[in-house]
Amino acid sequence: MVGDSVGRAGALPGLPRLPLRWAAAGVLVVAAAMGAGVLAGPVHVPVRAVGEALLSPPFLPGRAGQDSGQLAILWSLRFPRVVLGALVGGMLATAGAAYQGVFRNPLADPYLLGAAAGAVLGATLAIAFGGGATLGGIGLVPVAAFAGAGAAVAGTYLLGRSLGDHRSPTSLILAGVAIAAFLTAVQSYVQQARSDSFRQVYSWILGRLVTAGWDGIAEVLPYAVVGLAVILAHRRLLDALAVGEEEVASLGVSPRRVRLVVVVAATLCTAAAVSAAGAIGFIGIIVPHAVRLLLGTSYRVVLPMSLLLGAAFLVLADTAARTLAAPAEVPIGVITAMVGAPFFLFVMRSTRLRES
């Protein structure tokens with residue numbers, strides 16, 4: 001069983017635990033980022049009103065003297081937006097760290113592996129042809145996004161393996177670029193063929209946290225909980241896998257099974273994030289590597305801190321997107337790309353120097 005396997009992995013010597021002070025610092029960073037996100041917007045809302053709103057949720061009677069307009073803005077628009085941003089950022093960063101651990105490749109990322117392109121294609125097909133359809137009571141967009149992301153990762157893995165060692169950064173990235181380019185071409189064709197949904201799909205592809213309530217969060221939350229819980233439960237096994245497959249096998253666990261379970265969970269997180277917020281790149285590269293630079297390479301540290309700092313990073317990126325060109329909004333993907341592209345080059349250079 002997975003629980004027994006994780007328990008045996010916990011007996012591995014020399015694996016650092018996440019220091020409590022760093023965990024507390026991560027929570028504070030997330031809280032500060034969400035606070036900044038709530039306060040930013042075209043309508044000024046004082047800090048005191050935010051505190052009063054938190055003490056008076058909609059399902060409780062309001063208090064005398066409170067501004068009902070401000071409460072409506074906070075509970076209908078700003079609180080859901082920052083919560084959704086935290087969920088999406090945490091999922092993308094954790095998925096990136098998980099892919100890097102499974103493939104033992106520092107450049108693995110939901111976007112470089114084609115997972116995001118597959119999720120975008122799947123979601124585009126669902127938007128263009130399915131409208132608001134459901135499948136067994138579940139929204140069709142996240143289901144289609146997961147199917148597309150899973151097919152893309154499998155294709156990247158198989159193509160990278162045919163090009164050479166799938167753990168080689170060069171072969172895996174080339175395979176991911178090829179798969180992503182093909183899927184993007186198909187997605188562009190579908191988008192042109194269904195011109196009636198062009199504006200909706202295009203706005204969504206650029207990446208944007210638009211929510212008019214808590215419905216979008218309720219739709220994404222089950223996928224986030226399942227995917228993140230599975231990844232975090234395998235953090236010790238990912239540490240063992242970093243040492244070698246023999247280390248995992250010595251614990252009575254199949255390395256292939258570990259890879260499959262973690263890849264499925266990371267793909268689920270990627271698909272859920274893309275279905276909720278569109279294509280937002282580079283978070284899976286920036287955040288895990290920043291954590292490694294600060295706290296080391298153990299996945300017992302990297303995964304939970306990537307979850308926290310990924311949440312904070314995307315909330316801050318969304319806040320910048322809403323304020324840099326106010327009252328207009330810059331797509332979040334533009335903000336993350338401006339930060340992520342130079343960081344990606346830095347990671348590539350560091351990887352090349354270590355291999356030489």
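## A guided tour, starting at valine 264

Select valine 264 to begin: this residue is partly exposed, with a relative accessible area of 41%. Keep in mind throughout that you are looking at a predicted model. Valine 264 sits in helix α12, which runs over residues 255-277. Now add Phe146 and Leu260 to your selection. Together with Val264, they form a nonpolar patch on the surface, with about 260 Å² of accessible area between them.

**Step back for the whole view**

Show the full chain as a cartoon. You should find 15 helices and 2 strands in the protein. Of the 356 residues, 51% are buried. Turn on the surface, and you have about 16,200 Å² of accessible area, 68% of which belongs to carbon and sulfur atoms. The contacts tell you about the fold too: among those between residues at least 6 apart in sequence, 77% join residues at least 24 apart.

**Into the core**

Hide the surface and go inside. In soluble globular proteins, nonpolar side chains tend to be buried together. Here the largest nonpolar core has 87 residues. Select Val88, Met91, Tyr99 and Phe103, the residues with the most contacts inside this core. Next, colour helix α4, residues 68-103: this helix gives the core its largest share, 18 residues.

Stay a moment with tyrosine 99. Which residues does tyrosine 99 touch, leaving aside its neighbours within four places in sequence? Among them are Arg104, Ala108, Asp109, Pro110 and Leu113, and also Val153, Val263, Ala266, Thr267 and Thr270.

There is a second, separate core to visit as well, made of 8 residues. Select Ile173, Ile285, Ile286 and Val347 to see some of its members.

**Following the charges**

Side chains of opposite charge can pair when their charged atoms come close. The structure holds 5 salt bridges, and arginine 81 is a good place to look for them. Select arginine 81 with aspartate 318: they form a salt bridge whose closest N and O atoms are 2.9 Å apart. Arginine 81 lies in helix α4 and aspartate 318 in helix α14, so the pair ties together parts that are 237 residues apart in sequence.

Are these two partners buried or exposed? Arginine 81 counts as buried, at 11% relative accessibility, and aspartate 318 is buried too, with a relative accessible area of 2%.

Now add glutamate 329. Its side chain meets that of arginine 81 in a salt bridge, 2.9 Å from N to O. This pair also links distant parts of the chain, 248 residues apart. Glutamate 329 lies in the loop between α14 (299-323) and α15 (332-355), and is partly exposed, with a relative accessible area of 31%. Beyond its neighbours up to four places away in sequence, glutamate 329 touches Arg81, Arg208, Ala321 and Arg322. If you measure from glutamate 329 to aspartate 318, you will find their C-alpha atoms separated by 9.1 Å, although the two are 11 residues apart along the chain.

**Last stop, back at helix α12**

Select glutamate 245 and arginine 259, whose side chains meet in a salt bridge (2.9 Å, N to O). Glutamate 245 lies in helix α11 (residues 245-249) and arginine 259 in helix α12, so the pair ties together parts that are 14 residues apart in sequence. Glutamate 245 is partly exposed, at 33% relative accessible area, whereas arginine 259 is buried, at 11%.

To finish, select Arg81, Asp318, Arg322 and Glu329 at once: salt bridges that share partners join these residues into one network.

Note on methods
Residues numbered from 1 in each chain as written. Predicted model: local features only at pLDDT ≥ 70, side-chain atom pairs only at ≥ 80, totals over all residues. Heavy atoms only, no water. Patch = residues over 30% accessible without salt bridge, like charges linked within 9 Å, V, L, I, M, F, W, Y side chains within 5 Å. Areas by Shrake-Rupley, 256 points an atom, 1.4 Å probe, with all protein chains shown as cover. Salt bridge = Lys/Arg side-chain N within 4 Å of Asp/Glu carboxyl O. Helix = DSSP H or I, 4+ residues; strand = E, 2+ residues; numbered from the N terminus. Buried < 20%, exposed > 50% of the residue type's maximum accessible area, 1.4 Å probe, protein only. Contact = heavy atoms within 4.5 Å. Core = buried A, V, L, I, M, F, W, Y, C linked by side-chain atoms within 4.5 Å.
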